[in-house]
Amino acid sequence: MIEQSLSVRDLNVWYGEQHALKNISVDLPIRQITAIIGPSGCGKSTFLKSLNRLLELNESVRVEGEVLLDEENIYRPGVDVTEVRTRIGMLAQKPYPLPMSIYDNVAYGLRVHGRTNGSVAPAVENSLHAVGLWDEVSGRLKAPATGLSGGQQQRLCLARAIAIEPEILLCDESTASLDPIAAQGIESLLLDLRGRYTLVIVTHNIAQARRLADYVMFMWLGELVEHGPAAELFGNPKLELTQDYLARKIG
Amino acid sequence: MPVVLYIHAYADYGRLANALRLTLDVMWGIPSIVYGAFGFSLMLLVGLRASLLAGIITVAIVVLPILARTFDEVLMLVPKELRESTLSLGTTRWEMISVLLRQTLPGLFTAVLLAFGRAIGDGAAVLFTAGYTDSLPTSLTQPVATLPLAIFFQLSVPFESVQARAYSTALVLTIMVLIISMVGQFVSRKLSRNVIR
């Protein structure tokens, strides 16, 4: 049996009256890439944001069920949300650097988590190396992050996320707003990170899911229709709905 | 300002936030002469005469809703994703405030300028509370002339030489506002160096 990183049990989410996620139960394999596919509005992003409790920023959201991280439900009352979010990082759809310099963007998270100045600088350098940004920005670390291109900004956001060494990284259509070459860059970075981090990516690009995923979840109208190892789900989908979606007949 | 920051970090768009916004909007709409009268009755209550201090307090009340609501609007413009990105680094809401502040610094500065413009040009609020005098005050309890009131009183004097002074006062007031706006533009541009759009 595969080792699990996150286990979701009977997860239900409502936005007001709208039942957005219905009885989702799934185990996410550790240090592999899980891709969530499905048409727009099927609850992919909602599911992703429920994994690091970012969902509760929205008004009138109600969550039921369990998300187990190390056997512990992150929705249990009394759980330290900031610790959950430290262990489960996130890369957004569009790059949103923080309103500060390139260096501070990566250093910010480290400082917030109480790292001393002496240990911040090497960690920042490592993270920037890891995303292949160091050579491009090492001469202008104090410049505002807004001066970078979209692809560079997204890599900066990735560096910022991995600087605080999360166990799990959630990516919400993180290449959707980038040009093909920048998107390719992010994709290959995600493949590099696989093996060290558990990655959960949302994508509406089936080709991308085929390239990256070890494990696939197919969602439809708030339900988890089918999930399984990528080879199985893409090679031999069990349900007609999945077959039709993969064949682009629907969705 | 702390109240507004609180709304945005914790209360978001709850009932408390809406009630507060409504209050501030109403306060913004009240003519400043009403604040003047209010400040005047407050002065009588504590036995204070028309003075610099009373004027300061009254003008502060006039300016408070402008400052708070403008800053509030600026904070509303902060993209939702910026908060999400910050929080997903495992920051507390309290720590997120520093990011919000950095993002809104130019806006905050604009709010201060706007409030300042209103304060310096407002005559009615200080009519009763600050009094009028021809000499410079040496302490908080002495009356003081604001520029708009100086224009008003100097113009109503039937001597041409004094009236001429009113026009020069008007010129000084205009130039001050001009300088403040220009400095504001400049500083605002400096501050928005890092702002995410």
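Angles between helix axes under 35 degrees count as roughly parallel, those over 145 as roughly antiparallel, those from 65 to 115 as roughly perpendicular, and the rest as oblique. The axes are lines fitted to C-alpha atoms, for helices over the stretch in contact, and the angles run from 0 to 180 degrees between N-to-C directions.

The structure is a predicted model, in which local features need pLDDT of at least 70 and side-chain atom pairs count only at pLDDT 80 or more, while totals for chains, interfaces and linings use all residues. Residues are numbered from 1 along each chain as its sequence is written, and chains are lettered from A and ligands numbered from 1 in the order in which they are written.

**A helix pair in chain A**

Helix α3 (residues 102-112) of chain A packs against helix α6 (residues 150-163) of chain A at an angle of about 25°, and their axes lie 8 Å apart. The two helices, α3(A) and α6(A), are therefore roughly parallel to each other. The crossing of α3(A) past α6(A) is right-handed, a term for the near helix being turned clockwise from the far one by less than a right angle, anticlockwise being left-handed. From α3(A), Ile102(A), Asn105(A), Val106(A), Gly109(A) and Leu110(A) meet Leu156(A), Ala159(A), Arg160(A) and Ala163(A) of α6(A). By class, this contact has six nonpolar, two polar and one charged residues. Ala, Val, Leu, Ile, Met, Phe, Trp, Tyr, Cys and Pro count as nonpolar, Asp, Glu, Lys and Arg as charged, and the others, Gly among them, as polar. An α-helix has 3.6 residues a turn, so residues three or four places apart point the same way.

**Strand pairing in chain A**

Helices (H or I, at least four residues) and strands (E, at least two) are DSSP runs numbered from the N terminus, and two strands pair if DSSP finds at least two bridges between them. The antiparallel pairs are listed below.

| Strands | Bridges | A bridge partner pair |
|---|---|---|
| β1(A) (residues 4-15) and β4(A) (residues 61-69) | eight | Ser7(A) and Leu68(A) |
| β4(A) and β5(A) (residues 72-73) | two | Leu68(A) and Asn73(A) |
| β9(A) (residues 215-220) and β10(A) (residues 223-229) | six | Trp220(A) and Glu223(A) |

Leu68(A) thus appears opposite Ser7(A) and also opposite Asn73(A). In the hairpin of β4(A) and β5(A), two residues lie between the strands, and Asp70(A) takes a positive phi near 55°. The hairpin of β9(A) and β10(A) has two residues between the strands, with Leu221(A) at a positive phi near 50°.

**Chain B and its contact with chain A**

Chain B has nine helices and zero strands. Its C-alpha atoms fill a box of roughly 70 × 40 × 30 Å along the principal axes. Of its 197 residues, 31% are buried, meaning that 20 or more other C-beta atoms, placed from the backbone, lie within 10 Å of the residue's own (exposed: 12 or fewer; partly exposed: in between). Residues are in contact if their C-beta atoms, placed from the backbone, lie within 7 Å. Among contacts in chain B with a separation of 6 or more, 73% join residues 24 or more positions apart.

In helix α8 (residues 147-155) of chain B, Leu149(B), Ala150(B), Ile151(B) and Gln154(B) are buried. The buried residues of α8(B) pack against α7 (124-127) and α9 (160-191) of chain B.

Between the chains, 23 residues of chain B are in contact with 26 residues of chain A. On the chain B side, α5 (80-87) and α6 (93-121) are the elements that give two or more residues. The most come from α5(B), with seven residues. This side of chain B divides into eight nonpolar, eight polar and seven charged residues.

Key:
Two residues are in contact if their C-beta atoms, placed from the backbone, lie within 7 Å.
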